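Biologist: Before we rely on any label in this model, I would like to go through the terms one by one and ask on what grounds each of them is used. Could we take it slowly?

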Amino acid sequence: MAAMPSLKIDNARFVVTVDPQRRIMRDASILIDNGRIAGVGKAAELAGVSADRVIDGRNFVVTPGFVNGHMHISYAHAVRGIFPDDAGSPLNYVFKLQLAMTEEEEHATTLLGLVELLKSGTVCFVDPGSTKFPDACLQAYEDSGIRVMLGECVSDGDAPFPLPRYGASEAVDRTSAFIKKWHGRLNGRVRAWAMPFSPETCSADLLRGVKRLADEHRTSLTLHHGSGAKARADYQKQGAASPTQYLESLGLLGPNVVLAHVLGVDDAEIDAMARTGTAAAMCPVTAAKGARGVGEHGRLPELLAKGVKVALGCDSPNNSNHLDIVRALNMAAIQYKDARQDMKQIPAETALELATLTGAQALGVGDDIGSIEPGKKADLVLFDTQRPEWQTLFNPINNLVYNADGRSVHTVIVDGRVVVDAYRQSFVDEPKLFSRVQEMGEKLLARTGVSFPRSRWPFV
Ligand SMILES: [Zn+2]
């Protein structure tokens with residue numbers, strides 16, 4: 001592979017490093033060579049170092065690239081916003097639509113998802129098993145430059161909605177083939193994980209089989225996970241204290257396991273996660289919009305207090321509806337303050353850690369990304385402070401978490417490559433893509449017969 005051009009972010013207004021000392025460097029420069037961070041220091045000290053390309057950083061706040069730990073990228077872009085607020089759980093429709101997606105549709109909605117993710121600063125995301133045609137989407141991952149954790153969604157039990165269902169051994173074989181085919185592609189930017197849907201829809205044999213594969217291939221496993229009094233009572237009828245302790249009894253917990261959503265866990269479940277090093281991906285906007293009761297069921301402060309690594313997720317364009325991790329970290333920071341009536345809950349710095357270093361650690365990539373330190377992969381976001389929402393600027397983390405959103409992302413760098421350059425990406429023609437996906441959405445709804453009133457207010 002040809003050497004990549006070197007890059008220098010020169011004299012940035014602030015660099016929020018998320019390094020071990022959590023330094024926020026003023027008037028700082030970052031050197032990038034061969035895809036990695038070669039140096040971070042005061043601009044004056046690095047003034048003599050040149051690079052193939054120099055980006056003037058005077059108006060930028062630079063942060064590590066963001067990670068999104070639970071982001072279904074497949075079906076929903078084609079039909080975003082179709083579910084009225086009073087529709088109840090949309091899951092039946094969700095899987096019906098998703099199963100009906102063609103390869104061409106999925107490729108287009110993936111491109112659209114990638115545009116939205118990258119332009120709001122996400123450099124790495126977990127697609128929890130929604131991509132059915134990874135071959136068709138590989139070019140999109142390659143062209144966009146993003147990092148992606150992929151897997152095939154498998155289940156072998158009854159589900160209240162139509163999931164991909166196989167026998168347990170076939171599900172394990174499919175997962176094995178998927179990992180062998182995909183893990184490490186695109187210079188390591190594609191990672192393949194085991195993705196059983198949930199403990200309720202998968203047998204113990206299936207779960208144990210795919211966990212063994214994740215261990216053998218030194219990769220990870222994610223599954224949907226919830227608890228709460230009713231779930232615990234259901235599991236207790238079958239001899240387990242809770243969903244989490246059931247998973248522990250199967251050997252399903254561990255540092256390479258990411259439980260998604262994780263609402264309603266009790267102290268014993270949190271202890272089980274902490275003692276096994278199990279990580280979590282929580283979707284604060286989905287929880288709030290879906291009326292999941294964060295006040296009663298949200299345990300993010302307790303998970304963090306026990307040292308559990310937590311990433312944030314945006315779930316899906318029909319759950320949180322947006323893919324903007326900056327809005328998700330805003331929600332994470334504010335919803336616990338309100339729920340607990342305690343302003344000390346989830347400080348802005350903690351929220352930012354969830355979308356950077358802590359989130360990267362949760363996803364097993366904390367040694368490579370998540371902070372701005374020499375030797376790490378060069379994944380960076382440059383926020384444009386020449387916008388009203390960034391005024392006035394005294395504390396860049398408060399401004400980022402409470403004032404701004406992903407729309408002030410100016411430039412994004414992944415693996416040392418500039419993938420969003422002055423608000424523009426160059427891997428797809430956006431207006432053409434937008435009209436194509438709109439048309440696909442109309443056809444998908446007609447084909448599947450999924451229909452809701454378009455609005456509670458009249459269209460005229
Ligand atoms: Zn999900």
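Modeller: Let us begin with pairing: two strands are said to pair if DSSP finds at least two bridges between them. Please keep in mind throughout that this is a predicted model.

Biologist: How do you know that strand E16 and E17 pair, and in which sense do they run?

Modeller: Strand E16 (residues 380-384) and E17 are joined over 4 bridges in the antiparallel sense, and since the rule asks for at least two bridges, the two strands count as paired. One of the contacts can be named, in that phenylalanine 383 has valine 409 in E17 as its bridge partner.

Biologist: What makes E17 and strand E18 a pair, and how many bridges join them?

Modeller: E17 and strand E18 (residues 417-420) run antiparallel and are joined by 3 bridges, which again satisfies the requirement of at least two; within this pair, valine 412 stands opposite valine 420 in E18. The two strands form a hairpin with 2 residues between them, and aspartate 415 in the turn has a positive phi of about 55°.

Biologist: What makes you call strand E17 mostly covered?

Modeller: The label rests on a count, for 6 of the 6 residues of strand E17 (residues 409-414) are buried, where buried means under 20% relative accessible area.

Biologist: Why is the sheet of E12, E13, E14 and E15 called open, and which are its edge strands?

Modeller: The 4 strands follow the order E12-E13-E14-E15 with parallel pairing, and the edge strands, E12 (221-226) and E15 (310-312), each pair on one side only. On average, neighbouring strands of this sheet are turned by 30° against each other, with direction ignored. Inside the sheet, strand E13 (residues 257-263) and strand E14 (residues 279-282) pair over 3 bridges in the parallel sense, and leucine 259 stands opposite alanine 280 in E14.

Biologist: How do you know which atoms coordinate the zinc ion?

Modeller: A donor here is an N, O or S atom within 2.8 Å of the metal, and the NE2 atoms of His70, His72 and His224 lie at 1.9 to 2.0 Å from the zinc ion, so they meet the criterion. Along the chain the donors follow the spacing H-x1-H-x151-H. I would add the caution that water is not among the atoms, so sites may look incomplete.

Biologist: Are histidine 70 and histidine 72 buried or exposed, and why?

Modeller: Set against the limit of 20%, histidine 70 counts as buried because its relative accessibility is 1%, and histidine 72 is buried as well, with a relative accessible area of 14%.

Biologist: Is leucine 250 buried or exposed, and where is its place?

Modeller: Leucine 250 is placed in the loop between helix H7 (243-249) and E13, and its relative accessible area of 12% is under the 20% limit, so leucine 250 is buried.

Biologist: What makes an empty space a cavity, and how many were found in the whole structure?

Modeller: A cavity is a set of points where a 1.4 Å probe fits but cannot get out, and the search of the whole structure finds 2 of them at 30 Å³ or more. The largest cavity has a volume of about 80 Å³, and helix H12 (325-340) gives the most to its lining, with 3 residues. The second largest cavity has about 40 Å³, and the largest share of its lining, 3 residues, comes from E12; His224 is among the residues that line it.

Biologist: What is the class make-up of the lining of the largest cavity?

Modeller: The lining of the largest cavity has 10 nonpolar, 2 polar and no charged residues.

Biologist: What makes the space of about 1300 Å³ a pocket?

Modeller: A pocket is an open set of points with protein on both sides within 12 Å along at least five of seven lines, and the largest pocket holds about 1300 Å³ of space. Of the 45 residues that line it, the closest to its centre are Ser89, Leu91, His261, Arg292 and Asn319. Helix H6 (229-237) gives the most to this lining, with 5 residues, and by class the lining has 17 nonpolar, 20 polar and 8 charged residues.

Definitions and conventions:
Residues numbered from 1 in each chain as written. Predicted model: local features only at pLDDT ≥ 70, side-chain atom pairs only at ≥ 80, totals over all residues. Heavy atoms only, no water. Donors = N, O, S within 2.8 Å, 3.2 Å for Na, K, Ca; no water. Buried < 20%, exposed > 50% of the residue type's maximum accessible area, 1.4 Å probe, protein only. Axes fitted to C-alpha atoms, helices over the stretch in contact; angles between N-to-C directions. 1 Å grid on protein atoms, 1.4 Å probe; cavity = no way out; pocket = protein on both sides within 12 Å on 5 of 7 lines; lining within 4 Å. Points joined across faces, edges and corners; volume = space filled by probe spheres on them. Nonpolar A, V, L, I, M, F, W, Y, C, P; charged D, E, K, R; others polar.
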